[in-house]
Amino acid sequence: MRSSILSLFLGLAALSVGPAIPPASAQNQDDASFRAYLDSLRPKARAMGIRDGTLSGVFSALTPNPRVIQLDQSQPGGGAYSPIPAFEPYRVKHVDAARIGRGRTAYLANRSRLARIEAETGVPEEIMVAIYGHETNYGSYTGDFDLIRSLATLSWEGRRRTLFEPELLATLKMLDNGVPRSRLVGSWAGATGYPQFLPSVYLRLAKDGDGDGKADIWSSEADTLASIANYFVHAGWRRGQPWGVAVSVPANFSRASVSARTAPARCPRVFNRHSRWLSMAEWRRLGLVPSRGGWPADNVMATLLEPDGPGKAAYLLTSNYRAILDYNCSNFYALSVGLLADAVRQ
């Protein structure tokens, strides 16, 4: 199955290597292939309860978007042990004065609803705000790609169909459920709304936070914050525990003595950088000291992460940090969310 990009490449190559499929013919083949793929989705969509009228209304005018294929194929790689850049430049960019200031404004403007949601879920007010700020800079940019067109293109292209096809079907289900097509825009890879939920996440976890009967994560801060909290509840957030604590590590500390003993089952590039789990009491006995404030409860378990190596910033990270990683499995992301949350709450 050829993409429009590959067809264009073959057409250009014909200028120097001789006969090849003419561009127009290749485009016709791509169009036919795309139509056939869309038709193959109909039984799966019907099994989800999506009406044929919804499918026909969307599919009749749908065309592939070569740009999203380019963006997908240009994503950086990196093995589990490949070099990782320094965290500090990322932190300076993502936990900056402007984002902190806007976060405090959003925090103060939503205090009553944030307090209610925290009381119901145990997810701290500032964590909800920090996710909102990190994902879309408090709703200032949510993406402008047509989700259905993008996801249909990526599913048809096939390289990562197992990832994108379920999200395409979920988007069609959202449309069939009454979400306006004009709302179904976002990133090239399918994330949408203020919290940048994938469509499947929206269907499972989006919440009505203002009581109007809708889960509007595209314009309602109340629904957005309630939906973010609901996500963390399902990711295993533990009420009353911090996400982590910045610490000072003794100069003579033996890192080999706390190295992880098992290989991570997922996100090895992320979890290979963490120590094994120890209680806060055990970390204290090893000589670590909080950079500010006191210790969490002695029985709270945590791993040690020094993102820029020994002698620099260090953090003890609880299971709630793992809940942030569930949102986006990146140490840089999760650390900056936690640090932004702390700065907003101050």
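Colleague: What makes the approach of aspartate 146 to isoleucine 148 at the start of α9 a polar contact?

Modeller: A side-chain oxygen of aspartate 146 comes to within 3.0 Å of the backbone nitrogen of isoleucine 148. A polar contact is a pair of N or O atoms within 3.5 Å; within protein, one must be able to donate a hydrogen and the other to accept it, and residues adjacent in sequence count only if both atoms are side-chain atoms. The distance therefore satisfies the cut-off. This is a predicted model, in which local features need pLDDT of at least 70 and side-chain atom pairs pLDDT 80 or more, while totals for chains, interfaces and linings use all residues. Residues are numbered from 1 along each chain as its sequence is written, and side-chain values use heavy atoms, without hydrogens and water.

Colleague: Why is helix α9 called largely enclosed?

Modeller: Buried means under 20% relative accessible area (exposed is over 50%, partly exposed in between; 1.4 Å probe, protein chains only). In α9 (residues 147-157), 10 of the 11 residues are buried, so the rest of the structure largely encloses this helix. Among them are Leu147, Trp156 and Glu157. Just after α9, glycine 158 has a positive phi of about 100 degrees.

Colleague: What makes α8 and α12 roughly perpendicular?

Modeller: Helix α8 (residues 125-136) packs against helix α12 (residues 221-234) at about 110 degrees, with the axes 9 Å apart. Angles of 65 to 115 degrees count as roughly perpendicular, under 35 as roughly parallel, over 145 as roughly antiparallel and the rest as oblique. The two helices are therefore roughly perpendicular. The contact (heavy atoms within 4.5 Å) includes Ile127 and Tyr132 of α8 and Leu225 and Phe232 of α12.

Colleague: How do you know that α15 is mostly covered, and what covers its buried residues?

Modeller: Seven of the nine residues of α15 (residues 319-327) are buried, including Tyr321, Ile324 and Tyr327. Among the elements covering these buried residues are α8, α12, β7 and α16 (331-345). At the N-terminal end, threonine 318 caps α15, with a side-chain oxygen 3.1 Å from the backbone nitrogen of asparagine 320.

Colleague: How do you know that β3 and β7 pair?

Modeller: Two strands pair if DSSP finds at least two bridges between them. Strand β3 (residues 244-248) and strand β7 (residues 314-317) have four bridges, in the antiparallel sense, and the pair therefore meets the criterion. One bridge joins valine 247 to alanine 314 of β7.

Colleague: What makes β4 and β5 edge strands?

Modeller: The open sheet runs β4-β6-β7-β3-β5, with antiparallel pairing. Strands β4 (278-279) and β5 (289-290) each pair on one side only.

Technical notes: Axes are lines fitted to C-alpha atoms, for helices over the stretch in contact, and angles run from 0 to 180 degrees between N-to-C directions.
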